[in-house]
Amino acid sequence: MKYLKRIPLKEGAVLEAGFCDIKGNHYINEIEVNRLIGEGSTSLVYEAEVRAGKEHHARMILKEFYPRSEYDAFSIEREGVCLKVAGFTKRNEAYRRCLTQFKKGYDLQRMLSNSEAMEIVIKPAAFFQYGDSCYILSSMHMGRAVEFRRFERLGDMLLFFVRLTEALEILHEQGRVFLDMKPENILWIDRAKMVKFFDVDSMADLRDIDNVHREDINYNQRYTSPQIKRLIQCDEVEF
């Protein structure tokens, strides 16, 4: 299947996002993109620096709603740092499903980061609109995406897999299964020796499996577990 090429934000690109504090005061933060760290079915993910005034800087994860599509399905163009979405695309049912999944992913991220699974999911800081798209800012917890982490010692690599297995056990205890478990969706925190997940869009709720359908969840099937692939082949689930 051929997809339209997506144009990511360039290194050094700056977004100005407006927010409101608990007292109702409005303020603007500058968000500078450091690098692209992941490409999902519905979004591009960046490492970014958020500047709140001259003194306070914070390294965070910026997730940009930018769904991939087959040729001619969507019309999404990059104009400077903004995304511009054509009217017919906004009305497209597949596009609207992707947007719904993106927003539900933010709600799920908030819920899990305040649940018994809080130790394995990064905490979202803000959801905002910029141009024609939506963005999610999340804490990096002083971690690094596994995509860019190289374990030099066998012991360190084995510890990572132990922590990953423990994190998946916690996730499964919450009734969730991760369909898109690729390196760029996993954060490794060296100091605490912990794993955190930061792209929860493709998590399915096993407690409501009868209402989970493949067209409602965009994910990369290259990273789907063999067990789920066998179920798909047997038509036992609607993924």
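**Why is it called that?**

Mentor: R97 and E93 share helix 2 (residues 93-112) and sit four residues apart, about one turn of the helix. Helices here are DSSP runs of H or I with at least four residues, strands are runs of E with at least two, and both are numbered from the N terminus. House rules: this is a predicted model, where local features need pLDDT of at least 70, side-chain atom pairs count only at pLDDT 80 or more, and totals for chains, interfaces and linings use all residues. Residues are numbered from 1 along each chain as its sequence is written, and side-chain values use heavy atoms, with hydrogens and water left out.

Trainee: What makes R97 and E93 a salt bridge?

Mentor: The term asks for a side-chain nitrogen of Lys or Arg within 4 Å of a carboxyl oxygen of Asp or Glu. The closest N and O atoms of R97 and E93 are 3.3 Å apart, so the pair passes. The general idea is that side chains of opposite charge can pair when their charged atoms come close.

Trainee: Why is E93 called exposed or buried?

Mentor: Buried means under 20% relative accessible area, exposed means over 50%, and partly exposed is in between (1.4 Å probe, protein chains only). E93 has 57%, so it counts as exposed. R97, at 30%, falls in between and is partly exposed. While we're on salt bridges, ones that share partners join E30, E32 and R51 into one network.

Trainee: How many salt bridges does the structure hold?

Mentor: It holds 10. One of them joins R51 to E32, with the closest N and O atoms 2.4 Å apart. R51 is in strand 3 (residues 43-52) and E32 in strand 2 (residues 26-39), so the pair ties together parts that are 19 residues apart in sequence.

Trainee: What class does each partner fall into, R51 and E32?

Mentor: R51 has 18% relative accessibility, so it's buried. E32 has 24%, which lands it in partly exposed.

Trainee: How do you know that E47 and R59 form a salt bridge?

Mentor: Same test: their closest N and O atoms are 3.6 Å apart, so they're within the cut-off. E47 lies in strand 3 and R59 in strand 4 (residues 56-65), so this pair ties together parts 12 residues apart in sequence. E47 is buried at 10%, while R59 is partly exposed at 39%.

Trainee: Why does S43 count as buried or exposed?

Mentor: Its relative accessibility is 1%, so it's under the limit and counts as buried. S43 belongs to strand 3. Leaving aside neighbours within four places in sequence, S43 is in contact (heavy atoms within 4.5 Å) with R6, K63, E64, F65, Y66 and F102.

Trainee: And what makes R176 buried or exposed?

Mentor: R176 has a relative accessible area of 11%, so it's buried despite being an arginine by name. R176 lies in strand 10 (residues 176-178). Not counting residues up to four places away in sequence, it touches L108, M111, L171, A204, D205 and R207.

Trainee: How do you know that strand 7 and strand 8 pair?

Mentor: Pairing requires DSSP to find at least two bridges between two strands. Strand 7 (residues 124-130) and strand 8 (residues 133-139) have six, in the antiparallel sense, so they qualify. A126, for example, stands opposite L137 in strand 8. The hairpin has two residues between the strands, and G131 takes a positive phi near 65° there.

Trainee: Which strands form the open sheet, and in what order?

Mentor: Three strands in the order 9-11-12, with antiparallel pairing. Strand 9 (144-145) and strand 12 (194-197) are at the edges with a single partner strand each, so one side of each has no neighbour in the sheet. Four bridges join strand 11 (residues 186-189) to strand 12, and L187 has K196 as its bridge partner in strand 12.

Trainee: What's the story with K193's phi?

Mentor: It's positive, about 55°, although K193 is not a glycine. K193 is found in the loop between strand 11 and strand 12. With 33% relative accessible area, K193 is partly exposed.
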